[in-house]
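Here are my notes on the structure you asked me to look through, set out as numbered points so that each can be checked against the coordinates. I begin with a question on helix packing and then turn to the sheet and the backbone.

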Amino acid sequence: DCRLDLIKSLVRAFPDFPKKGIIFRDICPILKSPEALSAVISLFEQHVREKFQKVDLVVGLDARGFLFGPLLAQRLGVGFVLVRKKGKLPGATVSVAYDLEYGKAEAEIQEDAVSPGQKVILIDDLLATGGTLYAACALMQQQRAEVLGCLVVMELKDLNGADKLKPHHVHSLLQY
Ligand code: 5GP
C-alpha cells in the first residue's frame, strides 16, 4: 500500500531520546504532510469500517493520540474523548496508575466521558510496552464501556505490547 510507504518514509528515529538507550520514533513529519496525515486517517478509517459494525466513540491518549483521534472520529461521524495525564481535566474524574517505557504516570478521564455499554476505539501514536493503552482500557472497563480495539500508528514489536493488551484487538500501521 503506497499510503504505508509514504507514512513509513516520514517517521524519524532519534537515538537516546528522551533517555539513553531509547530510540524515539518521531511522527512530526507525518503531521507536517497533509498527504501523509490523510493517509494515516484513511488507513485507520478503513480498518475500523472493515472490522467493526458500530462505534460510539474514539478515545485518544495524551498527548499524540489527540492528534489523530479527533480526525478519525470526524471521519467515522462519532465523538472524541480524551484520556489525560492526571490533574489536567476539570470536574469529577476517575484515574488509574501505570508504568511507562520510561517512568510512571496516571491516566484520567472525566467521569461522564463514556457511558456503560458504549463501544469505544482507543488511539495513540505508538505502542511500546502497552502500559499506557492498558491503563486506558482499564479506565474504559471501570466505566463499563466496551473496548472494541486499539489503534496505533507504530508498534515496537520486541516489547510485546499487543500481548499485554490481550484479549483486546490491536492494529498498527507500522511495525518496528
Ligand atoms: P507504552 O505505555 O506502550 O510503553 O508507551 C507508549 C506511550 O509512550 C505512548 O503514549 C507514546 O506516545 C509514548 N512513546 C514511547 N516511546 C515512543 C516513541 O519512540 N515515539 C513516540 N512518538 N512515542 C513514544
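1. In which hand of crossing does α1 pass α3? The crossing of α1 past α3 is left-handed, and I should say at once that this is read from a predicted model. The axes of helix α1, residues 2-10, and helix α3, residues 34-51, come within 9 Å of each other and cross at roughly 125 degrees, and the two helices are therefore classed as oblique to each other. On the α1 side the contact is made by R3, L6, I7 and L10, while α3 contributes E35, A36, A39, V40, S42 and L43. Sorted by class, this contact of α1 with α3 holds seven nonpolar residues, one polar residue and two charged residues.

2. The second helix pair to look at is α3 with α4. Here the helices pack at an angle of about 50 degrees with their axes 10 Å apart, so that α3 and α4 are again described as oblique to each other. In this case α3 passes α4 in a right-handed crossing. The residues that meet are V40, I41, F44, E45 and V48 from α3 and F68, L71, L72, R75 and L76 from α4. By class, the contact of α3 with α4 has eight nonpolar and two charged residues, and no polar ones. It may help to mark V40 in the viewer, since this residue of α3 is listed in the contact with α1 and is listed in the contact with α4.

3. As to overall content and dimensions, the protein's secondary structure comes to six helices and nine strands. For a chain of 176 residues a compact globule would be expected to have a radius of gyration near 16 Å, and the protein, with 15 Å, agrees with that expectation. Along the principal axes, the C-alpha atoms fill a box of roughly 40 × 35 × 30 Å.

4. How is the sheet ordered, and which pairing does it show? Seven strands form an open sheet of mixed pairing, and reading across the sheet gives the order β5-β6-β4-β3-β7-β8-β9. The edges are β5, residues 93-100, and β9, residues 170-175, each of which pairs on one side only. On average, and with direction ignored, neighbouring strands of this sheet are turned by 25 degrees against each other.

5. Individual strand pairs give the detail behind the mixed pairing. Strand β3, residues 57-61, and strand β7, residues 119-127, pair in the parallel sense over four bridges, and V58 stands opposite I121 of β7. By contrast, β5 and β6 run antiparallel and are joined by eight bridges, with V94 having I109 in β6 as its bridge partner. The pairing of β4 with strand β6, residues 103-110, is likewise antiparallel and rests on two bridges; here the bridge partner of R84 in β6 is E108.

6. Which strands does helix α4 lie across? Helix α4, residues 65-76, lies across β3, β4 (79-85), β7 and β8 (146-155), and it runs at about 170 degrees to β3. This is the helix that packs against α3 with the axes 10 Å apart, so a view centred on α4 will show both the contact with α3 and the strands listed here.7. Finally, three places in the backbone deserve a careful look. The peptide bond from F17 to P18 is cis, with omega near -5 degrees, and P18 lies in the loop between β1 (12-15) and β2 (23-26). The peptide bond from D62 to A63 is also cis, with omega near -5 degrees, and A63 is found in the loop between β3 and α4. R144, although not a glycine, has a positive phi of about 65 degrees, and its place is in the loop between α5 (131-142) and β8.

Methods:
Residues are numbered from 1 along each chain as its sequence is written. This is a predicted model: local features need pLDDT of at least 70, side-chain atom pairs count only at pLDDT 80 or more; totals for chains, interfaces and linings use all residues. Axes are lines fitted to C-alpha atoms, for helices over the stretch in contact, and angles run from 0 to 180 degrees between N-to-C directions. Angles under 35 degrees count as roughly parallel, over 145 as roughly antiparallel, 65 to 115 as roughly perpendicular and the rest as oblique. A crossing is left-handed if the near helix is turned anticlockwise from the far one by less than a right angle, and right-handed if clockwise. Two residues are in contact if their C-beta atoms, placed from the backbone, lie within 7 Å. Ala, Val, Leu, Ile, Met, Phe, Trp, Tyr, Cys and Pro count as nonpolar, Asp, Glu, Lys and Arg as charged, and the others, Gly among them, as polar. Two strands pair if DSSP finds at least two bridges between them. The radius of gyration is taken over C-alpha atoms; the globule rule is 2.2 Å times the number of residues to the power 0.38.
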